[in-house]
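Please open the model in your viewer and keep the sequence alongside, so that each selection below can be followed in turn.

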Amino acid sequence: SFGTALTLNGLNVTPQDVVQFDATSLGSVTAGTFSMYLNGVDVGLDTSGKKIDAMSLLPDGRMLISTTGNPTVPGLTGMDEDVLVFAPTTLGDVTSGTWSMYFDGSDVGLADTSNEDVDVLDVDPNGSVYLSTIGDFSVTGVAGFDEDVFICSPSSLGSVTACNYSPVLYFD
């Protein structure tokens, strides 16, 4: 995903899209092609407030997505501290699928300031959620700055999210 609209070898991409790079070579002479992986406008990511600022792919093919603004997608409204999950039916130039809430940030203390917009995320094989925010954050048991990564060990996910935060930053 890119922060601004651009063209990659003839492929028009917006900040609401996710592209895939298929490498034919890596290293000092990297080569390959870009293709559309998720066409955001097809699935409701159609305004500037819905720019993708964090994305992670789950082993089952579902995509975790956070946006710069408060997203409203078919069947769901969220906030910028939330992580939505997209279950694709089709991917590529014509994308379809369904949305649901994966991580409700306001349930776990991430709505206190506008700086707590999630902009980095990943989920490890044990289900722990690794997060960073656009600015300083403070949640139960841990606080940090925009470049820090902290860990939520969830006891529940979805529209009712609960977690225990690790008292130590994963990345300081």
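Begin by selecting N9, which is found in the loop between β1 (6–8) and β2 (11–13). Bear in mind throughout that this is a predicted model. With the backbone shown, look at the phi angle of N9, which is positive at about 50° although the residue is not a glycine. Is N9 buried or exposed? Its relative accessibility is 71%, and because exposed means over 50%, N9 counts as exposed.

Next, move to L26, which you will find in the loop that lies between β3 (18–25) and β4 (31–38). L26 counts as exposed because its relative accessibility is 69%. Now add F21 and F34 to the selection and switch on the surface, where these two residues together with L26 make a nonpolar patch of about 290 Å².

Finally, select V83, which lies in strand β9, a strand covering residues 83–90. In contrast to the exposed L26, V83 counts as buried, because its relative accessibility is 2%. Which residues does V83 touch, if those up to four places away in sequence are not counted? Displaying the side chains around V83 should bring up L64 and I65, then M101, Y102 and F103, and also V118 and L121, each of which V83 touches. To close the tour, draw a distance from the C-alpha of V83 to the C-alpha of G44: the two residues are 39 residues apart in sequence, and 15 Å apart in space.

Conventions. Residues numbered from 1 in each chain as written. Predicted model: local features only at pLDDT ≥ 70, side-chain atom pairs only at ≥ 80, totals over all residues. Heavy atoms only, no water. Patch = residues over 30% accessible without salt bridge, like charges linked within 9 Å, V, L, I, M, F, W, Y side chains within 5 Å. Areas by Shrake-Rupley, 256 points an atom, 1.4 Å probe, with all protein chains shown as cover. Salt bridge = Lys/Arg side-chain N within 4 Å of Asp/Glu carboxyl O. Helix = DSSP H or I, 4+ residues; strand = E, 2+ residues; numbered from the N terminus. Buried < 20%, exposed > 50% of the residue type's maximum accessible area, 1.4 Å probe, protein only. Contact = heavy atoms within 4.5 Å.
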